[in-house]
Amino acid sequence: MACSPIAMAQDGTGKSGTRTWSNQVRDYAVKSLNNEDALSMAAIPLNGPGIDQYINADALMSPGSIMKLVTTYAALEILGPTHHWNTDFYTDGQLVGDTLEGNFYVKFGGDPKLTLERLWSTLRELRGMGITTINGDLVLDGHYFEIAGGLPKFDDNGDNPYAPFLVEPSGVLTNLNLIHFQVRADERGTQAWSAPALDEVVIDNRVTAAAEGPCPSRRGFIWEPVFHADQRVTVRVTGELPQGCRTTAYLSLLPHEQYTASLIRSLLSEMGITLAGDNTTGTTPDNVRLMLRTTSPDLVTMVRDINKWSSNVMARQLLLTIGAENRQDDEHDDRVAGIRMIYEWLENKGVNTAGMVIDNGAGLTRHGRISARQGAQILQHAWNSRFSADLMASMPLIAMDGTMARRLRNAGMDGLGRIKTGYLENVRSIAGYTRDESDTTWAVVGMVNTDPAWNGQAVLDRILYSLHHKPPVGTTLSQADSGAEIR
């Protein structure tokens, strides 16, 4: 059973100043959230004066996306910052003039971000080889991952099952499995297009052009996919768009295998290369020869994308990679193997993982759990890691970029903290590092779990603000009026 907020506020301090800071934060949280147990918080000074702060810190809470810090920090130390992913293109045929007589195999290596641009630049080499026809099948080999147990489903309460944040990992993931739709209005009316332009996806553009005026929010447009029996999709878009404006949407509409095969065919077609055979999945045989290879950016680059912009599918792909690279002979599920590796890695550092539930590594789950104390301990170890700079550089800067770009503006804290955020229904969270006015860096973890949690962001921002402007350093606060309000 978790300790009460009052008991945890006094945990390990023995100083009235510390209790004053914790009590003020706790009291503000109780008033804001109308729940004494909704906030869990831990703050630890790392390189200067200060006193550890804990509020309900041993309660196991739903962390949301701050779980990505665990996954990315683990990946930096387990896989190494220079880890790369290869995607290889093979054939079992021969070149006859400008024709490749044989199948075209794509052997995927789990790349979290195999983009449209990288695929284009790689496949473009076929034109340099003088190839205009591939007289065989397109075979996708996604066997780098083993997922015998399947992937845990996320029970989303939203009204858009095609949203980017819901894309699942896959052995054949390309371009984050997304289609970017755009509509633009000008004197001719409206034009709609998509990238990539896939044969299976058609746009039914019903947006009307209006006179020039302020550009509307994307919420003013309805994107409605209609799925057909032949596996094609018609996307109907409606709304009104002033001339000179455009609106956009990202949707994930096709299964991974269909999307990736269609994307590769589309790129080849744009290059004037005909692929005559069918789309299939299978294992790359031994009697093939390598034609092309694309190598991903290093893990550090991937970690930055994951944490700055909170990419769920990339984080989940990363967890599977940890498992695939460390799979034991009796293991056939890379998600389970990845979780095992992270638990072992944490326990070797002395972190108590009791009750922790990693689930999918991204925090997009109703089952994930971690305590603020566990999170703060992990951040302490990360601060002393060989790769601390790589992890910290991946985290959003307060009031400047990523998911913190619009938070704590005009608070005198621009760029003075690197904070990963989390957001789920009934969950708000923060984890990372922030500096106080004396340049002491604090590791801080805060989680709000309550229904509703809409005011949780204000509570967590108050914690960051207070750590910066009125840090609990002992002497100063112990002399302050115990009723002084933290602003």
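**Exercise 1. Locate P452 in this predicted model and describe the peptide bond that precedes it.**

Solution. Step 1: P452 is placed in the loop between β20 and α11. Step 2: the residue joined to P452 is D451, and the peptide bond between them is cis, with omega about 0°. Step 3: a second cis bond leads from A195 to P196, where omega is near -5°. P196 is found in the loop between β10 (189–195) and β11 (201–210).

**Exercise 2. Establish the strand order of the sheet that contains β20, and identify its edges.**

Solution. Step 1: the sheet is open and has five strands, in the order β2-β1-β20-β19-β18, with antiparallel pairing. Step 2: the edge strands, each pairing on one side only, are β2 (53–55) and β18 (417–424). Step 3: ignoring direction, the average turn between neighbouring strands of this sheet is 5°.

**Exercise 3. Work through the sheet from β1 to β18, giving for each pair the number of bridges and one pair of bridge partners.**

Solution. Step 1: β1 and β20 run antiparallel and are joined by seven bridges. Here I44 has A443 in β20 as its bridge partner. Step 2: nine bridges connect β19 with β20, again in the antiparallel sense. The partner of G432 is V444 in β20. Step 3: between β18 and β19 (residues 427–435) there are eight bridges, and the pairing is antiparallel. In this case L424 is matched with V427 of β19.

Step 4: the connection between β19 and β20 also merits attention. These two strands form a hairpin with five residues between them, and D439 in the turn has a positive phi of about 70°.

**Exercise 4. Is β20 largely enclosed or not, and which helix packs on its sheet?**

Solution. Step 1: a residue counts as buried under 20% relative accessible area. Step 2: eight of the nine residues of β20 are buried, and the strand is therefore largely enclosed by the rest of the structure. Step 3: helix α11 (residues 456–469) packs on the sheet and touches β1 (39–45), β18, β19 and β20 (441–449). The direction of α11 makes about 15° with that of β19.

**Exercise 5. Describe the largest nonpolar core, and name the helix that gives the most to it.**

Solution. Step 1: this core has 54 residues. Those with the most contacts inside it are L299, I342, L346, I378, Y433 and V445. Step 2: helix α3 (residues 67–78) gives the most, with seven residues. Step 3: take I342 as an example. Beyond its neighbours within four places in sequence, I342 contacts V70, T71, A74, L319, I322 and I358. Step 4: another core lies apart from the largest one and has 44 residues, including A185, L241, L251 and I273.

**Exercise 6. How many cavities of 30 Å³ or more are there, and which residues line the largest?**

Solution. Step 1: the count is three. Step 2: the volume of the largest cavity is about 110 Å³. Step 3: its lining consists of I66, M67, L69, V70, Y73, I370, G375, I378, L379, L391, A431 and V445. Step 4: α3 and α9 (372–383) each supply at least two of the lining residues, and α3 gives the most, with four. Step 5: I378 and V445 appear in this lining, and they are also among the residues with the most contacts inside the largest core.

**Exercise 7. Characterise L416 and A399, both in the loop between α10 (388–393) and β18.**

Solution. Step 1: L416 has 23% relative accessibility and so counts as partly exposed. Step 2: not counting residues up to four places away in sequence, L416 touches I398, T434, R435 and H468. The C-alpha atoms of L416 and I398 are 6.4 Å apart, although 18 residues separate the two in sequence. Step 3: A399 is buried, at a relative accessible area of 12%. A399 is not a glycine, yet its phi is positive, at about 65°.

Step 4: for comparison, consider N34 in the loop between α2 (16–33) and β1. N34 also has a positive phi, near 55°. However, N34 is exposed, with a relative accessible area of 73%, whereas A399 is buried.

Technical notes:
Residues are numbered from 1 along each chain as its sequence is written. This is a predicted model: local features need pLDDT of at least 70, side-chain atom pairs count only at pLDDT 80 or more; totals for chains, interfaces and linings use all residues. Side-chain values use heavy atoms; hydrogens and water are left out. Two strands pair if DSSP finds at least two bridges between them. Axes are lines fitted to C-alpha atoms, for helices over the stretch in contact, and angles run from 0 to 180 degrees between N-to-C directions. Contact means heavy atoms within 4.5 Å. A nonpolar core is a set of buried Ala, Val, Leu, Ile, Met, Phe, Trp, Tyr and Cys residues joined through side-chain atoms within 4.5 Å. Buried means under 20% relative accessible area, exposed over 50%, partly exposed in between (1.4 Å probe, protein chains only). On a 1 Å grid over the protein atoms alone, a cavity is a set of points where a 1.4 Å probe fits but cannot get out, and a pocket is an open set with protein on both sides within 12 Å along at least five of seven lines; lining residues have an atom within 4 Å of a point. Grid points are joined across faces, edges and corners, and a volume is the space filled by probe spheres set on the points.
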